[in-house]
Amino acid sequence: KPLMYSLALAGSYTGASIIDDSPIVFDIPGSKPYKPVNYDGKFRGPVQVRYALGNSINLPAVKMLAIVGVEDTLETAYDLGITTLEPTQETVNRVGLSLTLGGGEVKLLELTSAFAAFLNKGYRVDPVAILKVEDKDGKVLEENEAKLGKKVLTEEQAFIIADILSDNQARTDVFGPNSLLNIAGRKIAVKTGTTNDKRDNWTVGGDSQRIIGV
């Protein structure tokens, strides 16, 4: 959802833009009608983009994806290092509008790395496994540092998404005011995601210094 909404922010939408959280059925030629639902089964009517993303509401997200486009969202995800979502026609056909609800398989490390762009002014940051190698005397044989890569998002896109994901009030409707996502004294941008059948839950969060996926 954050990757998709970042594309909406590149167009005419802002965090305050209104999108309707109401039932909808997409009639897609060659496929069964697609009727997305919200995690909690509720409908909230008109909501701001900020609260739709903060609360991770499904229906507004699917409607927004239909506007910004599946292919463009795949291209952004791929540019941010998510290799399992190569922006081909086969992938577009396979994931469709369910993409923004997790309809395509991803690797936790790649998803975590992609989210780092929101906290690094839009720059991709590839993970580095080995930071330093020393010999027995403490002499540094090799040293690596995480470096900014390709600029995929504008600084404005990245800032607004990170601000929404760190806004505890924006997620209170679903998560409550005192969830484990709210860390006292720290401003942490965080997003959860649940797999089909509500079997597994992933959480990615962090700040400009560190980002963690679990």
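**Reading a helix, a sheet and a buried face**

Author: In this predicted model, helix α6 lies across β7, β8 and β9, and α6 runs at about 35° to β8. Let us begin with the chain as a whole and then return to these strands.

Reader: How many helices and strands are there in the chain?

Author: The chain has eight helices and nine strands.

Reader: How should I read the radius of gyration, and what is its value for the chain?

Author: The value is compared with that of a compact globule, which for 214 residues would be near 17 Å. The chain has 18 Å, so the two values agree. A box of roughly 65 × 40 × 35 Å, taken along the principal axes, is filled by the C-alpha atoms.

Reader: What share of the residues is buried, and what supplies the area that the chain exposes?

Author: Of the 214 residues, 43% are buried. The chain exposes about 12,100 Å², of which carbon and sulfur atoms supply 53%. One may also consider the contacts: among those between residues at least 6 apart in sequence, 61% join residues at least 24 apart.

Reader: How do I read the order of an open sheet, and which strands are its edges?

Author: Two strands count as paired if at least two bridges are found between them. Here three strands form an open sheet in the order β7-β8-β9, with antiparallel pairing. The edge strands are β7 and β9, each of which pairs on one side only. Neighbouring strands of this sheet are turned by 10° against each other on average, direction ignored.

Reader: How many bridges join the strands, and which residues stand opposite each other?

Author: Six bridges join β7 (residues 189–194) to β8 (residues 201–206), and A189 stands opposite G206 in β8. Three bridges join β8 to β9 (residues 211–213). In β9, I212 is the bridge partner of G205, and I211 is the bridge partner of G206. Residue G206 therefore appears in both pairings, with A189 and with I211. The link from β8 to β9 is a hairpin through four residues.

Reader: How can I tell which side of a helix is buried, for example in α7?

Author: An α-helix has 3.6 residues a turn, so residues three or four places apart point the same way. In α7 (residues 155–165), the buried residues are Q157, A158, I161, A162, I164 and L165. They cover an arc of only 160° around the axis, which puts them on the same side of α7.

Reader: Which residues are exposed on the other side of α7, and what covers the buried ones?

Author: On the other side of α7, E156 and F159 are exposed. The cover over the buried residues includes α1 (2–10), α2 (49–54), α6 (108–115) and β7. Two of these elements have been met already: β7 is an edge strand of the sheet, and α6 lies across that strand as well as β8 and β9.

Reader: How do I read a single residue such as A61: is A61 buried or exposed?

Author: A residue is called buried when its relative accessible area is under 20%. A61 has 0% relative accessibility and therefore counts as buried. Its place is in helix α3 (residues 58–68).

Reader: Which residues does A61 touch, and how far is A61 from A117?

Author: Leaving aside residues up to four places away in sequence, A61 touches K1, M4, Y5 and T100. A61 and A117 are 56 residues apart in sequence and 20 Å apart in space, C-alpha to C-alpha.

How values were computed. Residues are numbered from 1 along each chain as its sequence is written. This is a predicted model: local features need pLDDT of at least 70, side-chain atom pairs count only at pLDDT 80 or more; totals for chains, interfaces and linings use all residues. Side-chain values use heavy atoms; hydrogens and water are left out. Helices (H or I, at least four residues) and strands (E, at least two) are DSSP runs, numbered from the N terminus. Buried means under 20% relative accessible area, exposed over 50%, partly exposed in between (1.4 Å probe, protein chains only). The arc is that of the directions from the helix axis to the C-beta atoms. Contact means heavy atoms within 4.5 Å. Axes are lines fitted to C-alpha atoms, for helices over the stretch in contact, and angles run from 0 to 180 degrees between N-to-C directions. The radius of gyration is taken over C-alpha atoms; the globule rule is 2.2 Å times the number of residues to the power 0.38. Accessible areas come from the Shrake-Rupley method with a 1.4 Å probe; for residues, only the protein chains shown count as cover.
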